[in-house]
Structure formats: structure tokens, C-alpha cells
Amino acid sequence: MLRLPGLLSQHHFGAHHLLRRADGALSRELKSVRTSEIALSSFTFGLLQGKWKASGGLTIFALPVDLLAGATFHVLGLFDFAKGYSHHLHAFGDGALASFFTTTGYRVGERWASGGSLMHGLSGMFGDVGKEPAGGSAIADQELVNLVRAG
């Protein structure tokens, strides 16, 4: 004879155990997805900065594109309409910021090695020393240089 309460109890325990195992596996998979998103984002922005290295890197509104994108992805992840995708947006934002800080750190390290001081390295943190800045500020900077030389 079947005892229904015992059978239901065993199925309940089995289902609960199965759900906990599935939750653990899904959690591990999501960490892999997050890591992949960060790596893909970092690689993509590094690729873009490498492509435009000769001009001091790719910028939008005189800001490095990876810094701007990283901040934008993180801000978008805070809005209600993006709540379901916020973990993906934050992962792509982390990758873009990782690209920015790696590239910036590399430039500072190169300058530090060639100039002998950390302050020299930090002087070119947001672009190449000696290169004209992008945008309208280049005109004002050149005018200042001419005024200093003339005086």
C-alpha cells in the first residue's frame, strides 16, 4: 500500500535538492557569462584604442571612448527600464573601464620609464604629451603658447 504523505515528502525533498543544485550551477554559469562580457568589452575597447593610437586614442567629446562608455553602461544599469539587464550592462561597463585604466596605466608607465619620475608619467595621463588635444581647445592652447613665446 502506498503512503501518500511520505511519498510527497520524498518528492518535495528531492525537488528542493534539485533546485538548490540547479541554482548553484546557474550561479557558476552566470559568473562565467559576466567574466566573458568583461573580457569581450575590455578587448573591444582596447582594439578601438589601438586602432586610433596614432591620434592619441579614440575620443568622444574630448573624453576617451572607453571611459565614457564605462560610465554610460553603469549609469544605464541603474535605470528601472534596464533592471533586467543591469548585470550585463555593469559587466560591459567594467570591461570598458578596465580597458581605460589598463591603457592609461600603460601610458603612465611608459612615460615614467622614459622620464625617470612618476610625475612625468602622470603628466600625459589622458593623452600623448606634445600632441594637439582634440576639439576646440587646441586653438586656445596654441594661442596661449604663442602668447608665452611672444612675451
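## Charges, rings and a buried glutamate

Let's start at the charged end of lysine 51, which sits over the ring of tryptophan 52 at 5.9 Å from the ring centre. Please keep in mind throughout that this is a predicted model.

**The overall layout**

The protein contains five helices and two strands. Read from the N terminus, the order of its elements is α-β-β-α-α-α-α. Of the 151 residues in the protein, 19% are buried. The protein exposes about 11100 Å², and 69% of that area is supplied by carbon and sulfur atoms. If you look at contacts between residues at least 6 apart in sequence, 46% of them join residues at least 24 apart.

**One salt bridge**

Side chains of opposite charge can pair when their charged atoms come close. Here the count comes to one salt bridge. It is formed by the side chains of arginine 34 and aspartate 94, with 2.5 Å from N to O. Because arginine 34 lies in helix α1 and aspartate 94 in helix α3, the pair ties together parts that are 60 residues apart in sequence. How accessible are the two partners? Arginine 34 is partly exposed, with a relative accessible area of 34%, and aspartate 94 is partly exposed too, with 25%.

**A buried glutamate without a partner**

Glutamate 37 also belongs to helix α1, which covers residues 4-51. Which side chain of opposite charge is nearest to glutamate 37, and how far away is it? The answer is arginine 34, at 6.0 Å; glutamate 37 is buried yet has no salt bridge. The cut-off for a salt bridge is 4 Å between a side-chain nitrogen of Lys or Arg and a carboxyl oxygen of Asp or Glu. Arginine 34 does have a salt bridge, with aspartate 94.

What does glutamate 37 touch, apart from residues up to four places away in sequence? Its contacts are His87, His88, Ala91 and Phe92. Histidine 87 is placed in helix α3, residues 86-115. Leaving aside neighbours within four places in sequence, histidine 87 is in contact with Arg34 and Glu37. With a relative accessibility of 43%, histidine 87 counts as partly exposed. Histidine 87 and glycine 77 are ten residues apart along the chain, and their C-alpha atoms are separated by 7.3 Å.

**Aromatic pairs**

Now for the rings: the count comes to three aromatic pairs. In one of them, the planes of phenylalanine 79 and phenylalanine 81 are at 15° and the ring centres are 5.7 Å apart, so the pair is stacked. Phenylalanine 100 and phenylalanine 101 form an edge-to-face pair, with 75° between the planes and 4.8 Å from centre to centre.

The table gives the accessibility of the four phenylalanines in these pairs.

| Residue | Relative accessible area | Class |
|---|---|---|
| Phenylalanine 79 | 42% | partly exposed |
| Phenylalanine 81 | 65% | exposed |
| Phenylalanine 100 | 4% | buried |
| Phenylalanine 101 | 53% | exposed |

In the edge-to-face pair, then, phenylalanine 100 is buried, whereas phenylalanine 101 is exposed. In the stacked pair, phenylalanine 79 is partly exposed and phenylalanine 81 is exposed.

Terms used:
Residues numbered from 1 in each chain as written. Predicted model: local features only at pLDDT ≥ 70, side-chain atom pairs only at ≥ 80, totals over all residues. Heavy atoms only, no water. Phe/Tyr/Trp six-rings, centres within 6.5 Å; stacked < 30°, edge-to-face > 60°. Buried < 20%, exposed > 50% of the residue type's maximum accessible area, 1.4 Å probe, protein only. Lys NZ or Arg CZ within 6 Å of the ring centre and 35° of its normal. Helix = DSSP H or I, 4+ residues; strand = E, 2+ residues; numbered from the N terminus. Contact = heavy atoms within 4.5 Å. Areas by Shrake-Rupley, 256 points an atom, 1.4 Å probe, with all protein chains shown as cover. Lys, Arg positive; Asp, Glu negative; His and termini not counted.
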